[in-house]
Amino acid sequence: MSSSKLEPDANVRTEYAQLRTELQQLYAKLAALDADKSEHQLVVNQLKDLPSDRRAWMQVGGSLCQQTVGDVLPVLQSNMNSASESIAKLTEQLEKVEARLNELSSKYTLEMAQGPAGSAPGASSGQTGLLA
């Protein structure tokens with residue numbers, strides 16, 4: 001073999017596939033948390049200039065609860081801070097998973113298992129998935 005990369009065994013391929021799945025899940029969680037944080041920030045920006053005794057509605061579970069701006073604002077800010085902390089922790093995990101993926105792909109002859117335009121492995125653009 002002319003290159004210094006090794007041929008991966010089944011365990012390495014399985015670990016690589018699991019890490020890729022974990023990476024996609026982390027990206028999805030980060031996107032959801034970032035969207036939640038942005039929504040909380042919008043609401044906090046709207047409520048911060050209002051009087052604290054003004055009526056406000058907050059969704060808890062599937063129900064709307066009537067409270068005051070003074071009661072709702074600290075809860076929203078706390079939720080926003082928690083989302084920021086979670087984003088930081090998930091980003092650290094994401095970096096570790098990416099580092100391990102890079103380590104595996106540099107040590108072994110592993111390639112991204114995606115076809116054209118990010119399609120699923122084994123899927124070609126000419127196949128329709130119909131059985132006759």
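The following dialogue explains how the terms used for this predicted model are applied.

Biologist: What kind of model is this, and which residues count for local features?

Modeller: It is a predicted model, in which local features need pLDDT of at least 70 and side-chain atom pairs count only at pLDDT 80 or more, while totals for chains, interfaces and linings use all residues. Residues are numbered from 1 along each chain as its sequence is written, and side-chain values use heavy atoms, with hydrogens and water left out.

Biologist: How many helices and strands does the chain have, and what makes a run of residues a helix or a strand?

Modeller: Helices are DSSP runs of H or I with at least four residues, strands are runs of E with at least two, and both are numbered from the N terminus. The chain has two helices and two strands, in the order α-β-β-α along the sequence. Helix 2 covers residues 69–107.

Biologist: Why is Ser-105 called buried?

Modeller: Buried means under 20% relative accessible area, exposed means over 50%, and partly exposed lies in between, with a 1.4 Å probe and protein chains only. Ser-105 has a relative accessible area of 19%, so it counts as buried. Of the 132 residues of the chain, 20% are buried.

Biologist: Why is Asn-102 called exposed?

Modeller: Its relative accessible area is 51%, which is over 50%, so Asn-102 is exposed. Asn-102 is also found in helix 2.

Biologist: How do you know that Asn-102 and Ser-105 make a polar contact?

Modeller: A polar contact is a pair of N or O atoms within 3.5 Å; within protein, one must be able to donate a hydrogen and the other to accept it, and residues adjacent in sequence count only if both atoms are side-chain atoms. The backbone oxygen of Asn-102 lies 3.1 Å from a polar atom of the Ser-105 side chain, so the distance is within the limit of 3.5 Å.

Biologist: What makes the pair Glu-15 and Arg-100 a salt bridge?

Modeller: The term requires a side-chain nitrogen of Lys or Arg within 4 Å of a carboxyl oxygen of Asp or Glu. The closest N and O atoms of Glu-15 and Arg-100 are 2.9 Å apart, so the pair qualifies. Glu-15 lies in helix 1 and Arg-100 in helix 2, so the salt bridge ties together parts that are 85 residues apart in sequence.

Biologist: How many salt bridges does the structure hold, and which residues are linked in a network?

Modeller: The structure holds two salt bridges. In the other pair, the side chains of Glu-103 and Arg-100 meet at 2.7 Å, N to O. Glu-103 and Arg-100 are about one helical turn apart, because they are three residues apart in helix 2. Glu-15, Arg-100 and Glu-103 are thus linked in a network of salt bridges.

Biologist: Why is Glu-103 called partly exposed?

Modeller: Its relative accessibility is 42%, so Glu-103 falls between the two limits and counts as partly exposed. Arg-100 also counts as partly exposed, at 27%.

Biologist: What makes a set of residues a nonpolar core, and which residues touch the most other members of the largest one?

Modeller: A nonpolar core is a set of buried Ala, Val, Leu, Ile, Met, Phe, Trp, Tyr and Cys residues joined through side-chain atoms within 4.5 Å. The largest core has 13 residues, of which Val-97, Leu-101 and Leu-104 touch the most other members. Helix 1 (10–47) and helix 2 each supply at least two residues of this core. A second, separate core of eight residues includes Leu-47, Met-58, Val-72 and Leu-76.

Biologist: Which residues is Val-97 in contact with, leaving aside its neighbours within four places in sequence?

Modeller: Contact means heavy atoms within 4.5 Å. On that basis Val-97 is in contact with Leu-19, Glu-22, Leu-23 and Leu-26.

Biologist: How do you know that strand 1 and strand 2 pair?

Modeller: Two strands pair if DSSP finds at least two bridges between them. Strand 1 (residues 55–60) and strand 2 (residues 63–68) share six bridges in the antiparallel sense, so they pair. Among the partners, Met-58 is bridged to Cys-65 in strand 2, and Ala-56 stands opposite Gln-67. The hairpin has two residues between the strands, and Gly-61 there takes a positive phi near 70°.
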